[in-house]
Amino acid sequence: VDLEEAPCAGDLIFFSRKENGQADHVGLMTEWIAATEKEPAKIKVIEGDCEDKVQIVTYEWGDPTILGYSRLP
């Protein structure tokens, strides 16, 4: 992933939990974790309705449920 195009802390991350291509979940990104030789790039996201809690969840950037992200002005 080109780091200039990678999401940043504070960006909204859109998910399709039903994997139908439509956003049905959103999280607030807190951290970008760069890829290594052994691990893919990852993101940490604050989610408000993950297992009925607010928590930080880590995803591989290539996770198929991630639709994309948006940067707020």
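## Salt bridges, core and surface of a predicted model

The side chains of lysine 44 and glutamate 31 come together in a salt bridge, with an N to O distance of 3.8 Å. Lysine 44 belongs to strand 3 and glutamate 31 to strand 2, so that the pair, 13 residues apart, links distant parts of the chain. Lysine 44 counts as partly exposed at 27% relative accessibility, and glutamate 31 is likewise partly exposed, with a relative accessible area of 36%. The model described here is a predicted one, and every distance and area below should be read with that in mind.

Side chains of opposite charge can pair when their charged atoms come close. The count of salt bridges in this model comes to four, and one of them joins glutamate 47 to arginine 17, whose closest N and O atoms are 3.0 Å apart. Because glutamate 47 lies in strand 3 while arginine 17 sits in the loop between strand 1 and strand 2, this pair ties together parts that are 30 residues apart in sequence. The two partners can also be described by their surroundings: glutamate 47 is buried, at 0% relative accessibility, whereas arginine 17 is partly exposed, at 36%. Since buried is taken to mean under 20% relative accessible area, and partly exposed the range from there up to 50%, the two residues of this salt bridge fall into separate classes.

A further salt bridge is formed by the side chains of glutamate 39 and lysine 42, with an N to O distance of 3.1 Å. Glutamate 39 is partly exposed at 40% relative accessibility, and lysine 42 is partly exposed as well, with a relative accessible area of 23%.

Charged side chains also appear in another kind of pairing. Aspartate 11 is found in the segment before strand 1, which covers residues 12-15, and with a relative accessible area of 2% this aspartate is buried. Its side chain makes a polar contact with the side chain of arginine 71, at 2.9 Å. When neighbours within four places in sequence are left aside, aspartate 11 is in contact with Gly27, Leu28, Met29, Tyr69, Ser70 and Arg71.

Met29, one of these contacts, leads on to the nonpolar interior. The largest nonpolar core has twelve residues, namely Ala6, Ile13, Phe15, Met29, Trp32, Ala41, Ile43, Val45, Cys50, Val57, Tyr59 and Ile66. Two or more residues of this core come from each of strand 1, strand 2 (25-33), strand 3 (42-50) and strand 4 (53-60), and strand 3 gives the most, with three residues. Methionine 29 itself, again leaving aside neighbours within four places in sequence, is in contact with Pro7, Cys8, Ala9, Gly10, Asp11, Ile13, Ile43, Lys44 and Val45. Among these contacts are Ile13, Ile43 and Val45, which are also listed as members of the core, while Lys44 is the lysine of the salt bridge with glutamate 31.

Leucine 67 has its place in strand 5, which spans residues 66-70, and is partly exposed, with a relative accessible area of 40%. Beyond its neighbours within four places in sequence, leucine 67 is in contact with Phe14, Phe15, Ser16, Gly21, Gln22 and Ala23. The C-alpha atoms of leucine 67 and isoleucine 56, eleven residues apart along the chain, are separated by 18 Å.

Isoleucine 56 returns in a description of the surface, where Leu28, Ile46, Val54 and Ile56 form a nonpolar patch with about 350 Å² of accessible area together. One member of the patch, valine 54, is placed in strand 4 and counts as exposed, at 64% relative accessibility.

The loops, finally, hold two glutamates worth locating in the model. Glutamate 19 is found in the loop between strand 1 and strand 2, where it is exposed with a relative accessible area of 54%, and although this residue is not a glycine, its phi is positive, at about 50 degrees. Glutamate 37, in turn, is found in the loop between strand 2 and strand 3 and is exposed, with a relative accessible area of 87%. The C-alpha atoms of glutamate 37 and glutamate 51 are separated by 32 Å, the two residues being 14 apart along the chain.

Terms used:
Residues are numbered from 1 along each chain as its sequence is written. This is a predicted model: local features need pLDDT of at least 70, side-chain atom pairs count only at pLDDT 80 or more; totals for chains, interfaces and linings use all residues. Side-chain values use heavy atoms; hydrogens and water are left out. Helices (H or I, at least four residues) and strands (E, at least two) are DSSP runs, numbered from the N terminus. Buried means under 20% relative accessible area, exposed over 50%, partly exposed in between (1.4 Å probe, protein chains only). A polar contact is a pair of N or O atoms within 3.5 Å; within protein, one must be able to donate a hydrogen and the other to accept it, and residues adjacent in sequence count only if both atoms are side-chain atoms. Contact means heavy atoms within 4.5 Å. A nonpolar core is a set of buried Ala, Val, Leu, Ile, Met, Phe, Trp, Tyr and Cys residues joined through side-chain atoms within 4.5 Å. Patches are made of residues with over 30% relative accessible area and no salt bridge: like charges are joined within 9 Å, nonpolar side chains (Val, Leu, Ile, Met, Phe, Trp, Tyr) within 5 Å. Accessible areas come from the Shrake-Rupley method with a 1.4 Å probe; for residues, only the protein chains shown count as cover.
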